[in-house]
Amino acid sequence: MTIVGVAETGFSGIQVGQTPDIFVPMTMKGQMTPIRNGLDDWNDSFFGRVGAAEARVSTEQAQAGINVDYPGLLEQQARTLKLGEGKERQEFLSKKMVLYPGAQGRTTVQRDSAPR
């Protein structure tokens, strides 16, 4: 592989409790795990997303922007999952992408165990 960048000193990743030795571009997933690529499977959730909005963009604006194309993606997934026309499909299609602050890293443990 060709090195395309080096993480800043002290950066240990985005998942609390996990410190990867290397970061690989998403496009290399097939080469890293040739038996199971996962990029072509809607139900594969190996991929964590992190992004940075421009300083002049509010969280609300970024969330609205990211949800522009999401309904079309959900429609495609609904067809793949063969969802009927009932309540389950409508609930599925009404989902929205939600942005969470990432300053403290990404942790599903914290989010999933928080009081509701």
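**Stop 1: a nonpolar patch**

Select Met 1, Ile 22, Val 24 and Met 32. Together they make a nonpolar surface patch of about 400 Å². The model on screen is predicted. Now keep Met 32 and drop the others. Met 32 sits in helix H1, which covers residues 29-32. Its relative accessible area is 39%, so Met 32 counts as partly exposed.

**Stop 2: the whole chain**

Zoom out and colour by secondary structure. The protein chain has 5 helices and 0 strands. Along the sequence the pattern reads α-α-α-α-α. Next, colour by accessibility. Of the 116 residues, 11% count as buried. The chain exposes about 9900 Å², and carbon and sulfur atoms supply 54% of that area. How do the contacts spread along the sequence? Take contacts between residues at least 6 apart: 46% of them join residues at least 24 apart.

**Stop 3: helix H3**

Select residues 70-81. This is helix H3, with 12 residues. Check its length in the viewer. At 1.5 Å a residue, H3 should span 16 Å, and its end C-alpha atoms are 16 Å apart, so the two agree.

Which residues of H3 are buried? Show Tyr 70, Leu 74, Gln 77 and Ala 78; these are the ones. Look down the axis of H3. The buried residues fall within an arc of 105 degrees, so they line one face of the helix. Now show what lies over them. The cover includes helix H2 (59-66) and helix H4 (87-93).

Step just past the end of H3 to Lys 82. Lys 82 takes a positive phi of about 55 degrees.

**Stop 4: two arginines**

Go back into helix H3 and pick Arg 79. Then add Arg 89, which is in helix H4. The two are 10 residues apart in sequence and 9.8 Å apart in space, C-alpha to C-alpha.

Which is exposed and which is buried? Arg 79 is exposed, with a relative accessible area of 54%. Arg 89 is buried, with a relative accessible area of 9%.

Stay on Arg 89 and show its surroundings. Leaving aside neighbours within four places in sequence, Arg 89 is in contact with Glu 75, Ala 78, Leu 83 and Gly 84. Ala 78 is also one of the buried residues of H3.

**Stop 5: the salt bridges**

How many salt bridges does the structure hold? There are 3.

Begin with Glu 75 and Arg 89. They form a salt bridge, with the closest N and O atoms 3.1 Å apart. This pair links distant parts of the chain: Glu 75 is in helix H3, Arg 89 is in helix H4, and 14 residues separate them. Glu 75 is partly exposed, at 31% relative accessible area. Its partner Arg 89 is buried, at 9%.

Add Glu 85. Glu 85 also forms a salt bridge with Arg 89, and here the closest N and O atoms are 3.8 Å apart. Glu 85 is exposed, with a relative accessible area of 63%.

Finish with Glu 91 and Lys 87. Their salt bridge has its closest N and O atoms 3.7 Å apart. Both residues lie in helix H4, 4 residues apart, about one turn of the helix. Glu 91 is partly exposed, at 47% relative accessible area. Lys 87 is exposed, at 64%.

For a last view, select Glu 75, Glu 85 and Arg 89 together. Salt bridges that share partners join these residues into one network.

Technical notes: Residues are numbered from 1 along each chain as its sequence is written. This is a predicted model: local features need pLDDT of at least 70, side-chain atom pairs count only at pLDDT 80 or more; totals for chains, interfaces and linings use all residues. Side-chain values use heavy atoms; hydrogens and water are left out. Patches are made of residues with over 30% relative accessible area and no salt bridge: like charges are joined within 9 Å, nonpolar side chains (Val, Leu, Ile, Met, Phe, Trp, Tyr) within 5 Å. Accessible areas come from the Shrake-Rupley method with a 1.4 Å probe; for residues, only the protein chains shown count as cover. A salt bridge is a side-chain nitrogen of Lys or Arg within 4 Å of a carboxyl oxygen of Asp or Glu. Helices (H or I, at least four residues) and strands (E, at least two) are DSSP runs, numbered from the N terminus. Buried means under 20% relative accessible area, exposed over 50%, partly exposed in between (1.4 Å probe, protein chains only). The expected span of a helix is 1.5 Å times one less than its number of residues. The arc is that of the directions from the helix axis to the C-beta atoms. Contact means heavy atoms within 4.5 Å.
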